[in-house]
Each structure stands twice: as C-alpha cells, then as structure tokens.
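Me: I've got this one open on my screen and would like to talk through its pockets, salt bridges and one of its sheets. Can you take me through it piece by piece?

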Amino acid sequence: GGGGGGGGDGPAAMLFSGREAVQAYVGSLPPFLAADARSLLVASRAGWMSAQQMGMELLSKARDAGAATLIPSSLQGVRTASDGKVEAALLSVPGESEPLEVRTGAVVNAAGPYAGVVDALLRGGGGEGGGGRELPLQNEVHAKAVLRDDLSAVPGDAPMVVWTDPVTLPWSEEEAEALLEIGGFEASLAGSLPGGFHLRPYPGKPHSLLMLWEAIHADVAVPREPPEEAELRGSLFAELTLRALSRAVPALGGYLGEDGSMTANVSVDGGYYSKAPDNLPLIGPAAGGPRGAYVCAGLSGYGIMAANAAGELLAKHVTGAPLPEAYAAGFLPERWESEEYRRGVESGAVGKGFQI
C-alpha cells in the first residue's frame, strides 16, 4: 500500500483499488512504483513549497511593518508589573554585562523544541505567574536525506509517495544474522519495520530526491532541552531509508551495490519535531505564566503547513480580537491543567491530531 499527494483541482481525495489505483496515481508518468502496489490514496489538492523562502517572505513583510530582530540573544526572563502583567522581557546579548530590557506588554514563546525551557522562564516571571504544569511537549529527532538521482529512478514531476505498509528490509541471510548478533537497534532492523517512509522529487539541478523515514530515529531519546545539533544516524539513516524505499520504487535498488553498500550521492541533515501527547498545537495564553505571556508551539510534523494559521490565531489572542469558536479552545495550553483531559488522552477517550 502507499499514498501520496499531487497537484490538481480535482476532489480533495480519491480512493482506488487494483491496477486502476496505480494508473490513477502515476497517470502518464513512467511506471516507477512497485508492480504489486494494490491500493492507493491520492490527495489531489496538494503540493509543496520552500519553507526557507516562506520564512524569508514573512520576515521581510514583518520588517516592512516595523518589526526588528535581535540576533544572537537569549531570553533570561520577564519582568512584571504589580498587577502581574508582563511589562518587559530581559534578554542576554553577547558583549553586554547586564540584560537588555525590552519593554513590552506581551511575550510569545514560539521556541520550537526549546518551548519547554522558555515556558519555565515565563512561569518564573513573578506576579501572578509561577504556577501551572510544565508544557507537555515531547521532542523527536526528524531527519531527511537528499539523494542525487543520477539513475532517474523517479520522474522529476512525480508526486510525493508515502508507503504505509510495514516493510522487511532486503538483507542477505548473512547480513540479517549479523544484525541479530549485534542486538538492540541493529537487531530490530532484521525484522518487520513500520511504514511511513516517503519521498518526493527535490527541485533543481541535478535531479534529486527528498527521502524521510521517522522510524529510524524513533528510539533516540531527546532531553527536554535538546542539543543544538540533533543526534542523527547519518549515512546509516540514508542507507536504511533507501533500502525501504526500494520496496516502493524498485529502481532505487540500483543505488545499492552487490555487497549491500550504498553507492548513491546522499546528504543528510535534520532537527526536531516537537509535539504534545494529543498531537495538537499549543496556542494561546501560557498556563501558569504572567498575563501577557503566550505560547505558540507543538506543531509536530505539520509546522510549515499550519504556521500561518497558527500565527494568525496567536495574534488574535495577543490583540484581543474575536477568536474562532470552532477550534480556538481546543488549542489552548490550559487544557493540560485539566486532570480529566490528561486522563482522556492517556486512555484514548480524547481524539488525537493527525500524525505525519
């Protein structure tokens, strides 16, 4: 099985079975998918965008509107007035012996994987703050590999492919026995592994592929204050992901030598996904923090897709504008102050957000 997204103005999603599914998915493209793929979900109203370019566009517009940046600097805490409301942020700036005081009535914690650390600073800001539970954020390693597709294994205009079935990697009998002898993570590679590995063509020259598989770092524990550089399995991650994707796209097996080594030109980088146990974002006033402290964090694997909507919702909280009744309450950080809600998430009685 598998799934993917492609552009178009058709229905939001279409479900096909059998060879009809494969034809509907690849259309006029060369038959690059595995011949035994039986069912596919095609999301036609989908596409991709450059996160870096989007970020630069937003930053440019913010600066045009009068925003300023102070890089590098780090938050040391907040100062509150006698009524418990934020009145200044205290920043540490290299070369300055005393914290820089920036007078403001609102501080937004949008620190990504460091949101839990910043939240502790805000809750210790004095005034009416200092209470509440820690933000229930969990950090996970997220890695991606970019492969130079010299073999043209995947057409440049192919849609994204997500293979959802479990997979057993194509090891030789000797390789599988060696992995089992090592034990631990390596031993797990000899058995059935979860699906979810995916790829899409990466724009530009030379023709490249973007490859991801979260399962390869699922066992890596990340502390609440994660290191700046994520602990990645580097070339091993790339090889394992390539082996898995060769199940979905057999031509990718051409990048694996007869001795099992990877012959492809691949680069690997990564960072963190940050999410709450219900996999829904935290957007709104910081629970337990001083008035004027806000959170916008925990957007998991859908951060780029949801970033603009999350920012708009957070801005409504800060400015006091009317909130969308349909969903604003569901994202409030204060939901985790409720023992009933926490138990509901643990038991499965409370639904969870979509996991990418």
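Reply: Sure, just keep in mind that this is a predicted model. Ask away.

Me: Let's start with the second largest pocket. Which strand gives the largest share of its lining?

Reply: The lining includes H142, K144, D269, G270, G271 and Y272. Two strands, strand 8 (138–148) and strand 14 (266–275), each supply at least two lining residues. The largest share, four residues, comes from strand 14.

Me: And what is the volume of that second largest pocket?

Reply: Besides the residues from those two strands, the lining has P113 and Y114, plus E228, E229 and A230. By type, the lining residues divide into four nonpolar, three polar and four charged. The space they line has a volume of about 210 Å³.

Me: How many cavities of 30 Å³ or more does the structure hold, and what is the volume of the largest?

Reply: The structure holds one cavity of 30 Å³ or more. Its lining is made up of R133, E134, L135, P136, A287, P333, W336 and E337. So the count is one, and the volume of the largest cavity is about 40 Å³.

Me: How many polar residues are in the lining of that largest cavity?

Reply: L135, P136, A287, P333 and W336 are in the lining, and the nonpolar group there has five residues. R133, E134 and E337 are in the lining too, and the charged group has three. As for polar residues, there are no polar ones.

Me: On to salt bridges. How far apart are N and O in the one between E87 and R79?

Reply: A search of the whole structure finds 15 salt bridges, and the side chains of E87 and R79 meet in one of them. Partners within 4 Å count as a salt bridge. For this pair, the N to O distance is 2.2 Å.

Me: Are E87 and R79 buried or exposed, or partly exposed?

Reply: The cut-offs are under 20% for buried and over 50% for exposed. E87 comes in at 21% relative accessibility, and R79 has a relative accessible area of 28%. So E87 counts as partly exposed, and R79 is likewise partly exposed.

Me: Which residue joins R79 and E87 in a network of salt bridges?

Reply: R79 and E87 are linked to each other by their own salt bridge. The network of salt bridges also takes in a further residue, and that is E101.

Me: How many residues apart are R233 and D219?

Reply: R233 and D219 form a salt bridge, with their closest N and O atoms 2.9 Å apart. Both sit in the loop between strand 13 (208–212) and helix 6 (234–248), and the pair links distant parts of the chain, 14 residues apart.

Me: Why do R233 and D219 count as partly exposed?

Reply: Partly exposed covers what lies between buried, under 20%, and exposed, over 50%. R233 falls in that range because its relative accessible area is 22%. D219 does so because its relative accessibility is 46%.

Me: Last topic, the sheet with the order 4-5-6. Which strands stand at its edges?

Reply: This is an open sheet of three strands with antiparallel pairing. Two of the strands each have a single partner strand, so one side of each is left without a neighbour in the sheet. Those edge strands are strand 4 (74–80) and strand 6 (100–103).

Me: What is the bridge partner of L91 in strand 6?

Reply: Strand 5 (residues 86–92) pairs with strand 6 in the antiparallel sense over four bridges. On the strand 6 side, the partner of L91 is L100.

Notes:
Residues numbered from 1 in each chain as written. Predicted model: local features only at pLDDT ≥ 70, side-chain atom pairs only at ≥ 80, totals over all residues. Heavy atoms only, no water. 1 Å grid on protein atoms, 1.4 Å probe; cavity = no way out; pocket = protein on both sides within 12 Å on 5 of 7 lines; lining within 4 Å. Points joined across faces, edges and corners; volume = space filled by probe spheres on them. Nonpolar A, V, L, I, M, F, W, Y, C, P; charged D, E, K, R; others polar. Buried < 20%, exposed > 50% of the residue type's maximum accessible area, 1.4 Å probe, protein only. Pairing = 2+ DSSP bridges.
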